[in-house]
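Here is a short note for someone opening this structure for the first time. Please read the points with the structure in view.

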Amino acid sequence: MSTAPSSSTETSNGQHRYDPLATERRWQAHWSEIDLDQSPDLNDPRPPFYALSMFPYPSGSLHMGHVRNYVITDVIARVQRMRGNAVLHPMGWDAFGLPAENAAIERGIDPAVWTDRNIGQMKDQLARLGLSIDWSREQATCHDDYYRWTQWLFLELHAGGLAYQKEAQVNWDPIDQTVLANEQVDADGKSWRSGAVVEKRLLRQWFLKITDYADALLDDLDQLSGWPERVRTMQANWIGRSKGAEIRFNFAGAAADLEGTEEGITVFTTRPDTLFGASYVVLAPEHPLVEQVTAPEHREAVTAFRALMSTLSSDERTADDQPKRGIPIGADVINPVNGERLPVWIADYVLADYGTGAVMGVPAHDQRDFLFARSHDLPVKVVIQPPKADETVNDGEAWTEPGVLIDSGDFDGMASDQAKEAITAKGSEEGWARSKVQFRLRDWLISRQRYWGCPIPVIHCESCGTVPVPQDQLPVQLPKDADLSGRGGSPLAQLESWVNVDCPCCGKPARRETDTMDTFMCSSWYFLRFADPSNRDAPFTPEAISRWLPVKQYVGGIEHAILHLLYARFFTKALRDRGLLTIDEPFERLLTQGMVQGVTYRNPRTGRYVAPDRVADEANPLDPDDGGSLEVLFEKMSKSKYNGVDPAAVIDRYGADTARMFILFKAPPEKDLEWDDADVEGQFRFLQRLWRLVDSACQEGDQHVSLSTDSVVELPSEFTELEQTVRRAVHTAIVEVGDDLSGDFQFNTAISELMKLSNALSGELAQLHPAVRSEALSVLVRLLAPFAPHLAEEFWHRLAGEGSVHQQPWPKHDPSALVKDTIELVIQVKGKVRGSLQVPANADKASLEQLALASDVAAKWLEGQPPRRVIVVPGKLVNLVP
């Protein structure tokens with residue numbers, strides 16, 4: 001190891017001044033020089049620990065949400081190294097996507113140049129935080145040495161029958177001119193990026209069969225005990241498994257006589273027990289049967305209604321607080337259980353991509369159907385009654401709970417749960433029903449009609465059909481001469497020189513696939529590449545995956561609870577089934593950190609946000625434009641709300657260690673954090689107190705300390721009372737901080753324990769035996785190291801510790817140091833605390849009673865009278881009852 005850098009400059013009085021920026025620059029350079037953070041090789045005998053933050057999109061600017069995420073993961077990684085684990089802590093960039101392409105269009109710059117420039121800027125910003133990242137494993141999803149393997153994995157999924165192309169109705173963003181997944185359309189029917197009102201279009205698209213894994217994705221959530229319950233619930237609801245039956249309603253009348261039309265309409269229902277109560281059937285407006293069976297006299301109205309529905313989002317159509325709209329199409333079907341003729345409608349609340357795109361309307365036992373029937377004067381037939389005589393059905397609501405069947409033929413008197421199976425069995429025997437498990441989850445649409453994404457490695461040949469690009473011809477690279485004007489649809493489709501190729505099978509002229517992949521494709525496997533980042537022959541080797549995976553601790557925002565985490569789980573299971581992996585789940589433990597919120601000024605009359613520098617009086621904030629009062633809120637930091645705090649400004653003023661300490665101390669990691677400049681200042685003062693504490697230890701002249709670790713501390717055979725007190729504080733801190741950094745992380749209380757230890761050592765060091773003093777300082781600095789790595793390294797060096805503090809073992813507590821000779825005994829009189837006294841820790845109940853009765857507290861409150869009763873709780877209190 002090279003020589004450590006020199007310590008800080010002395011002032012005129014012999015003390016050293018804390019200069020955070022100089023200290024941090026010095027140690028960061030030293031760590032880089034000695035490759036301190038490089039990951040161990042595959043043969044390292046220590047247990048592996050893979051700590052990973054969700055990698056960022058390279059916007060070019062670091063924000064406080066980034067800081068919180070990466071500092072949390074860094075603390076975990078540093079603690080695990082000190083606990084003797086071989087740690088993998090990498091970083092990369094989720095670098096494809098529309099923002100870079102849009103920026104390229106606006107500025108006339110290659111998105112690759114723009115992205116790499118942003119990566120460089122953000123990497124420099126991250127370096128200032130002192131993160132123990134192994135940058136030798138850095139990956140960027142937009143570089144062809146990465147997306148070559150994204151394409152390779154796509155072909156693996158394609159070979160396994162999991163990637164397919166079909167024509168489907170999609171969400172089309174008319175501004176960004178691309179397809180959006182359902183999850184990328186907000187509740188108002190607008191694009192999550194451009195804000196445009198999303199349109200519906202039919203396009204031929206690429207999908208991945210995530211639905212093949214719906215059961216496994218749902219059932220295996222039970223294995224993820226290290227995940228927040230909230231995230232597991234969100235995923236379970238998104239997958240949405242429902243058990244029920246498919247029931248076929250055959251057409252009646254003219255619709256039944258149409259040539260080329262299906263026999264009827266198949267619906268999925270979780271309530272086959274209510275089949276006798278059906279009074280109509282509803283198709284989604286987009287259902288292909290609508291065009292076929294609509295009666296001529298209804299066609300004009302149906303066409304207009306379908307056009308209206310095409311402008312609305314799924315959320316708008318199905319919102320509970322919206323009126324239920326629909327119209328009849330002039331066709332009828334037959335209820336198979338009783339032969340009744342039912343009208344067919346189309347309605348806004350039925351969606352083509354859920355279930356069969358058709359539902360049976362049972363107004364008496366489904367609240368949505370009830371509201372629809374009441375709006376359109378459709379019959380309401382009660383066929384389930386409450387099981388108890390004293391229960392009644394509210395006239396304004398549907399009865400949706402279990403009950404007993406009535407007006408249901410042979411099934412009258414049967415419990416509804418039993419009737420579900422019985423009616424389905426009858427339908428199965430007669431050929432009009434079958435049991436079915438339905439999922440809310442839809443197949444994953446991965447096609448995007450943009451340039452800046454991973455090209456889909458497929459060639460379309462008129463003779464051979466869809467042909468995968470041979471693996472030895474990967475990567476299919478993005479061309480450099482595409483027109484990025486932002487007009488005319490896919491830039492790749494317009495570049496004939498790139499599109500036109502020979503078919504790899506027959507050699508005839510063919511065309512490349514011009515769609516690029518959804519960026520979630522790239523982020524669904526990046527954690528695997530980090531295990532084997534330099535491999536040029538495969539995306540990863542089984543040995544590397546076996547060594548490092550699954551990720552032991554994953555850290556990221558709750559906003560990724562469904563999309564990214566669900567897709568990563570699917571990818572892992574699919575690649576396992578292709579024989580590429582042996583793990584079932586990618587992330588063993590998950591921490592979803594809360595948002596960082598800033599003080600926000602909002603005009604309640606206009607909804608407009610006001611920048612803090614325009615508010616003259618914080619005690620009485622007024623809008624400088626209209627003079628009215630402003631609301632003062634804490635909201636997620638964003639440019640649009642003028643409430644962001646630049647991490648660089650904080651580091652420039654206080655240093656990275658202070659920024660880290662504040663981020664970790666202000667709130668538990670899973671809770672939202674409210675930014676407060678005063679609390680940042682408080683953490684800076686705490687680090688200054690530590691500086692003065694260590695500086696004083698270094699000024700003791702002939703008592704100069706030399707740090708050692710637990711295994712080589714030679715302590716005296718006996719301790720003074722002060723030394724016992726100090727050692728108790730030291731070893732209590734080891735226990736408490738260790739507990740806070742295990743299981744459910746509580747960084748804030750861990751830092752509180754460091755503050756307690758600092759207070760216990762202040763002013764006492766000079767009176768301690770050198771070995772006790774060395775032990776105390778060694779523990780303090782090592783416990784501080786994960787939180788304030790630069791300052792801890794400076795302390796370790798100034799106190800003559802060997803090597804780097806970050807290569808030292810985590811402190812182990814001495815149980816004997818925690819034993820107390822005396823304890824504080826609380827004395828109560830009639831249940832109220834009246835005082836306390838110090839008593840021998842091993843005193844029995846009789847001794848405690850005698851000591852309590854002889855105390856000044858008893859003399860004062862009993863006034864010479866013996867108590868009627870004495871209650872002794874050993875080790876805690878004595879209650880005297882007069």
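1. A definition comes first. A salt bridge here is a side-chain nitrogen of Lys or Arg within 4 Å of a carboxyl oxygen of Asp or Glu. D220 and K573 fit that description, with their closest N and O atoms 2.5 Å apart. The pair links distant parts of the chain. D220 sits in the loop between helix 6 (214-219) and helix 7 (229-239). K573 belongs to helix 17 (residues 563-577), and 353 residues separate the two.

2. Please keep in mind that this is a predicted model. The protein has 882 residues, and buried ones make up 52% of them. There are 26 helices and 33 strands. The C-alpha trace spans about 105 × 85 × 65 Å along its principal axes. About 39,000 Å² is exposed, and carbon and sulfur atoms supply 47% of that area.

3. How do the contacts spread along the sequence? Take the contacts with a separation of 6 or more. Residues 24 or more positions apart account for 72% of them.

4. Back to the first pair: are its partners buried or exposed? The cut-off for buried is under 20% relative accessible area. D220 has 14% relative accessibility, so D220 counts as buried. K573 has 0%, so K573 is buried as well. The pair is also part of something wider. Salt bridges that share partners join D220, R569, K573 and E585 into one network.

5. How many salt bridges are there in the whole structure? A search finds 45. One of them joins the side chains of D518 and R448, at 3.4 Å from N to O. This pair, too, links distant parts of the chain, 70 residues apart. D518 lies in the loop between strand 23 (516-517) and helix 14 (519-523), while R448 is in strand 18 (residues 447-448). Both D518 and R448 are buried.

6. A further salt bridge brings together the side chains of R614 and D625, at 2.9 Å from N to O. R614 and D625 each lie in the loop between strand 27 (609-610) and strand 28, so the pair ties together parts that are 11 residues apart in sequence. R614 is partly exposed, at 38% relative accessibility.

7. Helix 11 (residues 367-376) deserves a look. Its buried residues are D369, F370, F372 and A373. Why do they line one face of the helix? Seen down the axis of helix 11, they fall within an arc of 165 degrees, so they share one face. As background, an α-helix has 3.6 residues a turn, so residues three or four places apart point the same way. What do the buried residues of helix 11 pack against? Their partners are strand 10 (280-283), strand 11 (326-334), strand 12 (341-347) and strand 13 (358-361).

8. Check both ends of helix 11 too. D366 caps the N-terminal end, with a side-chain oxygen 3.0 Å from the backbone nitrogen of R368. Just after the helix, D377 takes a positive phi of about 55 degrees.

9. Now T150, in helix 5 (residues 144-159). T150 is buried, with a relative accessible area of 1%. Which residues does T150 touch, leaving aside those up to four places away in sequence? They are C454, M517, C522 and W525.

10. P669 is found in the loop between helix 19 (656-665) and strand 29 (673-674). P669 is buried, at 2% relative accessible area. Not counting residues up to four places away in sequence, P669 touches R68, I72, L591, T592, Q593, G594, F745 and F747. A771 is 102 residues from P669 along the chain, and 36 Å separates their C-alpha atoms.

11. Finally, the surface. V599, V632 and F634 form a nonpolar patch there, with about 220 Å² of accessible area together. F634 is in strand 28 (residues 631-636). F634 is partly exposed, with a relative accessible area of 34%.

Methods. Residues are numbered from 1 along each chain as its sequence is written. This is a predicted model: local features need pLDDT of at least 70, side-chain atom pairs count only at pLDDT 80 or more; totals for chains, interfaces and linings use all residues. Side-chain values use heavy atoms; hydrogens and water are left out. Buried means under 20% relative accessible area, exposed over 50%, partly exposed in between (1.4 Å probe, protein chains only). Helices (H or I, at least four residues) and strands (E, at least two) are DSSP runs, numbered from the N terminus. The arc is that of the directions from the helix axis to the C-beta atoms. Contact means heavy atoms within 4.5 Å. A polar contact is a pair of N or O atoms within 3.5 Å; within protein, one must be able to donate a hydrogen and the other to accept it, and residues adjacent in sequence count only if both atoms are side-chain atoms. Patches are made of residues with over 30% relative accessible area and no salt bridge: like charges are joined within 9 Å, nonpolar side chains (Val, Leu, Ile, Met, Phe, Trp, Tyr) within 5 Å. Accessible areas come from the Shrake-Rupley method with a 1.4 Å probe; for residues, only the protein chains shown count as cover.
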